[in-house]
Amino acid sequence: MDETEFWEIVDRTREDAEGDPEEHAELLVERLAQLDPDSVVDFARHFESRYNRSYTWDLWGAAWVLLDGASDDAFDYFRCWLIGQGREVFEGGVHDPDALAELLDEFDEEIDGDGEELGYAADEAYERLTGAETPDLGLPLPPPEPVGTPLDFEDEAVLSERFPHLWDRFRD
């Protein structure tokens, strides 16, 4: 599976779920379960590499603004959700987290921002197909700490300065 097919599957299942993250995860599992096990592993590899690449302090700060706070787990689930939003939103958000203010049409912190189940979709599909756990993906270990310069998430002045567009749109 190449990168284009990965994003096509993410996009198609998100569109079919009409923005519901839980439904998106269910549809993703169903779609992946129609593939062969090697393709599911390829999908998992694409997902995990993007998940690891999004482990940055700046993106965590953006998640903090959007979610009005984001614990370690909440940030993990946010990163899964961000992948589920498709290539343009994901790449734009990783490159410039403040750009999420323009990239996201809507954001309801009660529904959006939590894609925990998306992170398990490939594993669930692989287990359905094979009865076994997903094999090691052969990816480098993720960094022990987020990449970049740490931010003081409790300091609203820091957040509003670093993420002016997100702050204006989602916190004012």
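Analyst: Quick ground rule for our chat: two residues are in contact when they have heavy atoms within 4.5 Å of each other. Also, this is a predicted model.

User: Thanks! Let's use that on N52. Which residues does N52 touch, not counting those up to four places away in sequence?

Analyst: Leaving out those sequence neighbours, N52 touches R79, P140 and P142. As for its setting, N52 sits in helix α3, which spans residues 37-53.

User: And is N52 buried or exposed?

Analyst: N52 counts as buried, because its relative accessibility is 13% and the cut-off for buried is under 20%.

User: Good. On to the core: which members of the largest nonpolar core touch the most other members?

Analyst: Those are L32, F43, F78, L82, L100 and L166, out of 51 residues in that core. The helix that gives the most to this core is α4 (residues 57-67), with nine residues. In general, nonpolar side chains in soluble globular proteins tend to be buried together.

User: Let me pick F43. What is F43 in contact with, leaving aside neighbours within four places in sequence?

Analyst: F43 is in contact with M1, F6, I9, V10, L28, L32 and A122. Of those partners, L32 is also on the list of core residues that touch the most other members.

User: And L100, which helix is that in?

Analyst: L100 belongs to helix α7, residues 100-103. L100 is buried, since its relative accessible area is 0%. Beyond four places in sequence, L100 is in contact with L59, A62, L66, F78, L82, V89, G93, L166 and R169.

User: L82 is in there. What separates the C-alpha atoms of L100 and L82?

Analyst: Their C-alpha atoms are 9.9 Å apart, and the two residues are 18 places apart along the chain.

User: Back to α4 for a second. How many of its residues are buried?

Analyst: Ten of its eleven residues are buried, so α4 is mostly covered. The buried ones are W57, L59, W60, G61, A62, A63, W64, V65, L66 and L67.

User: What do the buried residues of α4 pack against?

Analyst: They pack against α5, α6 (87-95), α7, α9 (156-162) and α10 (164-170). Just after α4 comes D68, with a positive phi of about 60°, although D68 is not a glycine. D68 is in the loop between α4 and α5 (72-84).

User: Which other residue, not a glycine, has a positive phi, near 50°?

Analyst: E18 does, with phi near 50°. For context, most residues other than glycine have a negative phi. E18 lies in the loop between α1 (3-17) and α2, and E18 counts as exposed because its relative accessibility is 73%.

User: Now α8: which of its residues are buried?

Analyst: In α8 (residues 121-130), the buried ones are A121, A122, A125 and Y126. They cover an arc of only 125° around the axis, so they are on the same side of α8.

User: What covers them?

Analyst: The cover includes α2 (21-32) and α3. After α8 comes G131, which has a positive phi near 75°.

User: Time for empty space. What is the volume of the largest pocket?

Analyst: About 360 Å³. It has 15 lining residues, and the closest to the pocket centre are G19, Q85, D105, E106 and D112. By class, the lining of the largest pocket splits into six nonpolar, two polar and seven charged residues.

User: And how is the second largest pocket lined, by class?

Analyst: That lining has twelve nonpolar, four polar and three charged residues. The second largest pocket has a volume of about 280 Å³. Of its 19 lining residues, A44, E48, D123, L137 and L139 are the closest to the centre. The elements that give two or more residues to this lining are α3 and α8, and α3 gives the most, with five residues.

User: Last one: how many cavities of 30 Å³ or more does the structure hold?

Analyst: One. The largest cavity has a volume of about 60 Å³, and its lining is made up of R14, G19, D20, P21, H24, W81, Q85, D112 and L118. That lining has three nonpolar, three polar and three charged residues.

Technical notes. Residues are numbered from 1 along each chain as its sequence is written. This is a predicted model: local features need pLDDT of at least 70, side-chain atom pairs count only at pLDDT 80 or more; totals for chains, interfaces and linings use all residues. Side-chain values use heavy atoms; hydrogens and water are left out. A nonpolar core is a set of buried Ala, Val, Leu, Ile, Met, Phe, Trp, Tyr and Cys residues joined through side-chain atoms within 4.5 Å. Buried means under 20% relative accessible area, exposed over 50%, partly exposed in between (1.4 Å probe, protein chains only). Helices (H or I, at least four residues) and strands (E, at least two) are DSSP runs, numbered from the N terminus. On a 1 Å grid over the protein atoms alone, a cavity is a set of points where a 1.4 Å probe fits but cannot get out, and a pocket is an open set with protein on both sides within 12 Å along at least five of seven lines; lining residues have an atom within 4 Å of a point. Grid points are joined across faces, edges and corners, and a volume is the space filled by probe spheres set on the points. Ala, Val, Leu, Ile, Met, Phe, Trp, Tyr, Cys and Pro count as nonpolar, Asp, Glu, Lys and Arg as charged, and the others, Gly among them, as polar. The arc is that of the directions from the helix axis to the C-beta atoms.
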